[in-house]
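Q: Could you take a close look at one buried spot in this model and then follow the connections outward from there? I'd like the surrounding helices and sheets in one connected account, please.

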Amino acid sequence: MANADFERVYDFGNLYAGFLKARRGKRQKESVAKFEANLLEALCLLSEMLKNKTYHPSDYFVFKVYEPKERIVMTNAFKDKVVQHSLCDNIYEPAFSRAFIRDNYASQRGRGTHDGLYRLEEFMRSYYFSRKARGEAECREEGLPRQSPREAGYADGWVLKCDIGKYFYSIQHEPLKAMVRKYIRDPDILWLSDMIIDSTANPGIPIGNQTSQWFAVMYLSGMDHFIKEKLGIRYYGRYMDDFYLIHEDKAYLQYCRGEIEKFVGELGLRLNQKTNIFPLRNGIDFLGFHTYLTDSGKVIRKVRRSSKCNEQQKLKKQRGLLDAGKITLTQVEQSYGSWRSHAAKGNCYHLIRQTDALFKNLFKESKLLDGKKESGIIGESYFCGYIASPDEVRETLSDDRK
């Protein structure tokens, strides 16, 4: 990249666009209000500081979050968020994304959790019907009658499900800097990148940074290519540090696991205890859903049981917080509407009806669900292919199949 590219980071218009993005959902915060009250002066000063290289990130504010699991989050000052949005949108995204494989889903335009779920569904059907076509061709060649899908076992296979232990906290600074230099040549951008990377102790990058999202997506991009091109895994997808491999040979997946462990070990990472090889019939736990492949080649997607239980407990807790005046009804409705939209991406008709009933019972004053047609739940489904019938759902999820 040319040296002039650094100008795009401190360009006033790009910093203003970064301000608008950083402000989303935070306008009520005092730091945001102060910055906006003196917006022109603040952006001009920030631009000059970057141009003259007198800019330095502020100290982080550290706190813990407990959903979906306990994490330490480090958030930076609002001015740093503005700078990082400009850096990511104008430099990192166009530079890094060119090298990403199609099935790297996190932090990119047009990708995300729903895209990852759609691709997993597509992979499962492709895996099933390719095995079916091969099996039926073999039967024709041998003059044998065609077997039933269950007898032929077209849905049989194996899944290597992997997760990196403490991913953000384990990223090594020096390998990360070396990777950034593969895509970026501008010394001024590298100065800013190195300063952001070294703003926390090594190893580790802060979860709350916008730049950290892109660093985390890019840090394992080489592994994506290794799995697809060297190991030859066709059915592979990754969302940040959570990824899966589908293959019909368990022994080959065991070999792949060893090779992946070596690859991530060289980056200072390790696979955690959740990493294992499972029968494909057990389904794949990925992006908040458990996705199953039936004997007929249809796909079932169910919300995780933990998500169901957590949402029901959350609604009961929110009733108490609302009565105590600690939250508003609008916040409750926004929270439940978000979960409901998430659940509607799967075969969760009865779960949504059940949870709607609990919501109506707890929040009788809410008008959120008034006028919603039950058929709308089905209409929001993200599935674009075969959808299993209720009987197939019950059969696939019965105890003897787990």
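A: Happy to! Let's start at S86, which touches R8, V9, N14, L15, G18 and I91 when residues up to four places away in sequence are not counted; contact here means heavy atoms within 4.5 Å. This is a predicted model, in which local features need pLDDT of at least 70 and side-chain atom pairs count only at pLDDT 80 or more, while totals for chains, interfaces and linings use all residues. Residues are numbered from 1 along each chain as its sequence is written, and side-chain values use heavy atoms, with hydrogens and water left out.

S86 sits in helix 5 (residues 78–96). Helices (H or I, at least four residues) and strands (E, at least two) are DSSP runs numbered from the N terminus. With a relative accessible area of 1%, S86 is buried; buried means under 20% relative accessible area, exposed over 50%, and partly exposed in between, using a 1.4 Å probe and protein chains only.

One of the contacts of S86, L15, gives us a link to a second buried residue. The C-alpha atoms of L15 and G237 are 34 Å apart, with their positions 222 residues apart along the chain. G237 lies in strand 4 and counts as buried because its relative accessibility is 0%. Leaving aside neighbours within four places in sequence, G237 is in contact with D103, Y105, D242, F243, Y244 and F286.

Strand 4 belongs to an open sheet of four strands, in the order 4-5-3-6, with antiparallel pairing. Two strands pair if DSSP finds at least two bridges between them. Strands of a sheet pair through backbone hydrogen bonds, either parallel or antiparallel. At the edges are strand 4 (235–239) and strand 6 (276–279), each pairing on one side only. Neighbouring strands here are turned by 20° against each other on average, direction ignored; axes are lines fitted to C-alpha atoms, for helices over the stretch in contact, and angles run from 0 to 180 degrees between N-to-C directions.

Within this sheet, strand 3 (residues 158–163) and strand 5 (residues 242–247) run antiparallel and are joined by six bridges. F243, one of the contacts of G237, is the bridge partner of C162. Two helices lie across the strands. Helix 6 (residues 113–142) lies across strand 4 and strand 5, at about 170° to strand 4. Helix 13 (residues 250–265) lies across strand 3, strand 5 and strand 6, at about 15° to strand 3.

F286, another contact of G237, leads on to a further sheet: F286 stands opposite F289 in strand 8. Strand 7 and strand 8 (residues 289–293) pair in the antiparallel sense over three bridges. Three strands form this open sheet, in the order 7-8-9, and the pairing is antiparallel. Strand 7 (284–286) and strand 9 (299–303) are at the edges with a single partner strand each, so one side of each has no neighbour in the sheet. The average turn between neighbouring strands of this sheet is 25°, direction ignored.

Finally, a helix pair. Helix 9 (residues 173–183) and helix 10 (residues 187–197) pack at about 155°, with axes 11 Å apart, and are therefore roughly antiparallel to each other; angles under 35 degrees count as roughly parallel, over 145 as roughly antiparallel, 65 to 115 as roughly perpendicular and the rest as oblique. In their contact, H173, L176, K177, V180 and R181 of helix 9 meet L190, S193, D194 and I197 of helix 10.
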